[in-house]
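User: Please take a close look at a single helix of this model and explain how its residues are placed.

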Amino acid sequence: MSSWRGHLLIGATGGLALVRVLRATGHFPVLPDIPPLGVETAIIGGSAFLALLPDIDEPGSWIGQRVQLMMTLAGIILALVLAVGLELPLQWIAIYAAVGMVLGKVAGLLLLKAIRTAAGGHRRLTHSLPLTFVLLLITVALWSLGYGMWSLIPLAVAWGQILHVLGDLPTPAGVPLLYPFSQRDFGLPQPLSSFGEGLAAISAIAVASIVIWTWV
C-alpha cells in the first residue's frame with residue numbers, strides 16, 4: 001500500500017493538472033467574491049484529500065484513524081461550497097456551515113461501518129473500477145435532473161478514487177480493478193513493484209513539474 005504521503009502527493013498533482021485543464025478549456029469555475037487563486041488552492045487541496053478517501057475501508061490507515069474529523073470537515077466544506085454557489089448572504093453561509101458540520105459528523109458515524117462492511121475488506125470495492133463507473137453514472141443522473149451542485153459529490157469521490165488507485169497500482173499487492181466481478185490484482189510485475197511507491201512519487205513530481213513549467 002502506498003503511504004498517505006504518497007497519495008497526498010499524487011492527489012495534489014492530479015488537482016494541479018485538473019486546474020491546468022480547466023483553464024486551458026475555458027471551464028475554470030468563477031465564484032463570486034473568491035479570487036481565482038483561492039479556487040485553484042481548493043481544487044488542488046481537495047484533490048489531495050479525496051485521494052486519501054479509498055483507504056477509509058482500513059481502520060489502521062491514516063484516514064481511517066481520522067475519518068470522523070475528516071467527515072465533519074467535509075460536511076462543512078461541502079455546505080460552504082453549496083452556500084457560495086447559491087450566492088447566499090453571509091448569515092446563511094454561517095448557518096449552512098453549522099448544518100454541514102452536524103451532518104458530516106452524523107454521516108461519519110453512520111456511514112463508516114456501512115462502507116467497511118460493503119467494501120468487502122481493504123483494497124476491494126473502494127479500489128475498483130466498477131464503483132468508479134457507478135459514481136459517474138450517479139453524477140450524470142444528478143446533472144441530468146438539474147442537481148448540478150449535488151452531482152459534484154459523486155464526481156469528486158470518483159476523481160479521488162482514480163487518483164488513489166494510481167498510487168496503489170505500482171505496489172506489490174496491486175489493485176483488484178474489477179472487484180467484485182474478479183479477485184485478480186492488477187499491478188506492476190516484479191521486481192518493478194518493489195520500487196512501486198518510489199516510482200509513483202517520482203512520476204507525480206515529474207508530472208507536476210511539467211504542468212508548472214508549461215503553465216508559466
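Analyst: In helix 6, the buried residues (under 20% relative accessible area, 1.4 Å probe, protein chains only) are S151, P154, A158, G160, Q161, L163, H164, V165, G167 and D168. Helices here are DSSP runs of H or I with at least four residues, numbered from the N terminus. This is a predicted model, in which local features need pLDDT of at least 70, side-chain atom pairs count only at pLDDT 80 or more, and totals for chains, interfaces and linings use all residues. Residues are numbered from 1 along each chain as its sequence is written, and side-chain values use heavy atoms, with hydrogens and water left out.

The buried residues of helix 6 pack against helix 1, helix 2 and helix 5 (129-144), where contact means heavy atoms within 4.5 Å. The 21 residues of helix 6 should span 30 Å at 1.5 Å a residue, and the 31 Å between its end C-alpha atoms agrees with this; the expected span is 1.5 Å times one less than the number of residues.

Helix 6 (148-168) also contributes to a nonpolar surface patch, to which it and helix 3 (67-85) each supply at least two residues. The patch consists of L69, L73, I77, V81, L136, M149, L152 and L155, with about 660 Å² of accessible area together. Its members have over 30% relative accessible area and no salt bridge (a side-chain nitrogen of Lys or Arg within 4 Å of a carboxyl oxygen of Asp or Glu), and nonpolar side chains are joined within 5 Å. Areas come from the Shrake-Rupley method with a 1.4 Å probe. Helix 3 gives the largest share, four residues.

Technical notes:
Patch = residues over 30% accessible without salt bridge, like charges linked within 9 Å, V, L, I, M, F, W, Y side chains within 5 Å. Buried < 20%, exposed > 50% of the residue type's maximum accessible area, 1.4 Å probe, protein only.
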